[in-house]
Amino acid sequence: MPNSATDDAEYDLAVIGAGVAGLTGAVTAAELGLSVALLDSSAQPGGQFYRHPAPALGATRPQALHHDWSTFTALRRRLADSGVTLLAGHHVWTVVRAPTSGLWDVHAVTGADGDGECPVRVRARAVLLATGAYERHLPFPGWTLPGVVGAGGAQAMLKSGLVLPGAGTSSARAGVAAPPAGAKPAAGPRVVVAGSGPLLLAVAASLAKAGARVPAVVEASSYLGYARHPRTLAANAHKAAEAARHGAALLRHGVRLRTRSAVTQVHGSDRVAAVTVSRLDRDWRPVRGSGRRIACDALAVGFGLVPQLELATGLGCATRRAQDGSHVLVLDAQQQTSVPGIWAAGETGGIGGAQLAHAEGEMAGIAIAARLAGHRAPAGSGRVRALRRRRDRMRAFASVMAAVHAPGAGWSRWLDDTTDVCRCEEVSAGRIREAVADLGARDARTVKLLTRAGMGWCQGRICGAAVACLAAEGREERPPVPAERRPLAVPVRLDVLAARTGTTAPDPGDPQENAAENH
Ligand SMILES: Cc1cc2nc3c(=O)[nH]c(=O)nc-3n(C[C@H](O)[C@H](O)[C@H](O)COP(=O)(O)OP(=O)(O)OC[C@H]3O[C@@H](n4cnc5c(N)ncnc54)[C@H](O)[C@@H]3O)c2cc1C
């Protein structure tokens, strides 16, 4: 499993993202005879689900923070045996088709946050995009106070750093590392978990298991929405079992679950001291007078996940709107995007969880190997048919999940005009509303041009969903908003761009050129 590539190394397949989908796709394709490069910005493979501590942290039982760890160890073993070139710490900033060879050029930079040293180009006959997702955040008064973290972010802190929000490292380490002899465990920090989506239950269960006290899990939707889809639920019994496992863990730790409720304010002078939890109506508007204060040291809050599509939209891959309003890739039955030669698996095709990402990664690996061998589609073997059935069944569940946890339009009533919506550029809700009401902005892009909301370091990943909602506020009909296109998926130094100028000649008909205009 080499971890280096010379510039311009050529492969059959370049896989971007070494989470469940990318890892599975890469090893499947390599086992079918393809030469494969697997690039990921993280130092270790595993993605979000199998995020684990760096060896230097000395975790003796990293599996204690995971269920299904054996799937990951099996994938790691296959990776080691497969001949896949793993390029960890490689941030891919663009993918372009080389005009003469017809190969795909995958451009990456190495180093922490891409602030590194070495530009790298990998060339491949096909590309599998498995870039996963990031969290959807909705702002509310106090959300920028220290001690407020993303729900997935809290899970990531725990899985990779053995740290609990609102505390030092010691209490979390107790769950996975040997405790110091004679040490008395300290009372864990109080962490309220809030937002919407099944991730909240997983996060709360992990935090409680690692020693945090979780006063409440606050879910904005109602789980009753699932009951309207009994056939889809019955076909995905493993999801019900997963929810039951998390529910039992929460009961064991005495965690209260409050549905149709949201944290509408965070209190504290220099860090979180308490939160206000309000009841919500069906549209997520807070019910007047229903606010209750809960003392806590930290808040872990997230409203589901949004597919990470910068590379795909830069390539011109078609997207569609999922039931929760997010853009997801349009894929054919083989996992190919609308751009021939570009394939996708996992969260890029819609948020569906690790098992779906596994099935889609395998499906994509098999389909790409067949296509590069000159076949239109993989042979209809029993394995392929079983994978298709699994994928379709889990995709149906993913649609239900997206509909049940779709943010209600009334969430913006949590905001007051002084609440920062874009935290990178410190743009308040009041300024965005002014841009809409007084300056005529009708979409997030115009709001961005007028206020700088979404122009900072995160490039709208944190505030984008909120700004789009505020831009459409008060209008009866909401015109379809195209997926945002950016020519650069990660920050890149100007000298790296300049060095590449001569090698990838711009093509005026290329969708990526249009993407540059949109930036
Ligand atoms: C913050 C967070 C926490 C989560 N926690 C849980 C949990 O506790 N339990 C649960 O069931 N599910 C969790 N999920 C959902 C779960 O992780 C996914 O269902 C599953 O990981 C999907 O696998 P994937 O391969 O599609 O994506 P991921 O596992 O997200 O893998 C995508 C990979 O692509 C890499 N990547 C992205 N862009 C680039 C680029 N430009 N260049 C190079 N590499 C890139 C990323 O570094 C990442 O390793 C979480 C998701 C998130 C976002």
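This passage walks through a predicted model of a protein chain with its ligand, from the overall fold to a few individual residues.

The protein chain folds into 16 helices and 21 strands. Of its 519 residues, 51% are buried. Links along the chain often span long stretches of sequence: among contacts between residues at least 6 apart, 66% join residues at least 24 apart. The accessible surface comes to about 22,400 Å², and carbon and sulfur atoms account for 54% of that area.

How far the model can be read depends on the place. The mean pLDDT of the chain is 87, with 88% of the residues reaching 70 or more. Over residues 169-179, however, the pLDDT is below 50, although this stretch has 24 contacts in the model beyond near neighbours in sequence. Residues 503-519 also stay under 50, and here the model has 30 contacts beyond four places in sequence. Where pLDDT is low, the predicted coordinates should not be read in detail.

The ligand is a good place to look next. It is surrounded by 30 residues, and the closest are Ala21, Asp40, Val92, Gln155 and Glu347. By class, this shell is made up of 12 nonpolar, 15 polar and 3 charged residues. Four elements, α1 (20-31), β4 (90-97), α3 (151-161) and α10 (354-372), each supply at least two residues of the shell. Several polar atoms of the protein can be found beside oxygen atoms of the ligand. In glutamine 155, an N or O atom of the side chain is 2.4 Å from a ligand oxygen. For glutamate 347, a polar side-chain atom lies 2.8 Å from an oxygen atom of the ligand. Alanine 354 takes part through its backbone, with a polar atom 3.3 Å from an oxygen of the ligand. On its own, the ligand has 980 Å² of accessible area, and the protein covers 92% of it.

Another view of the packing comes from helix α14, which runs over residues 464-472. Its buried residues are Ala466, Val467, Leu470, Ala471 and Ala472. An α-helix has 3.6 residues a turn, so residues three or four places apart point the same way. The partners against which the buried residues of α14 pack are β20 (420-422), α12 (429-437) and α13 (444-451).

The loop between β18 (327-329) and β19 (342-344) holds glutamine 335, and threonine 337 lies in this loop too. Threonine 337 counts as buried because its relative accessible area is 6%, under the 20% cut-off. Its side chain reaches the backbone nitrogen of valine 339 at 3.1 Å and the backbone oxygen of isoleucine 342 at 2.8 Å. Beyond neighbours within four places in sequence, threonine 337 is in contact with Cys317, Leu329, Val330, Leu331, Ile342, Trp343 and Ala344.

Two glutamines deserve a look for their backbone angles. Most residues other than glycine have a negative phi. Glutamine 335, in contrast, has a positive phi near 85 degrees, and glutamine 459 has a positive phi of about 55 degrees. Glutamine 335 is buried, because its relative accessibility is 2%. Glutamine 459 sits in the loop between α13 and α14, and at 23% relative accessibility glutamine 459 counts as partly exposed.

How values were computed
Residues are numbered from 1 along each chain as its sequence is written. This is a predicted model: local features need pLDDT of at least 70, side-chain atom pairs count only at pLDDT 80 or more; totals for chains, interfaces and linings use all residues. Side-chain values use heavy atoms; hydrogens and water are left out. A residue is near a molecule or strand if one of its heavy atoms lies within 4 Å of it. A polar contact is a pair of N or O atoms within 3.5 Å; within protein, one must be able to donate a hydrogen and the other to accept it, and residues adjacent in sequence count only if both atoms are side-chain atoms. Accessible areas come from the Shrake-Rupley method with a 1.4 Å probe; for residues, only the protein chains shown count as cover. Ala, Val, Leu, Ile, Met, Phe, Trp, Tyr, Cys and Pro count as nonpolar, Asp, Glu, Lys and Arg as charged, and the others, Gly among them, as polar. Buried means under 20% relative accessible area, exposed over 50%, partly exposed in between (1.4 Å probe, protein chains only). Contact means heavy atoms within 4.5 Å. pLDDT is the predictor's confidence in each residue, from 0 to 100.
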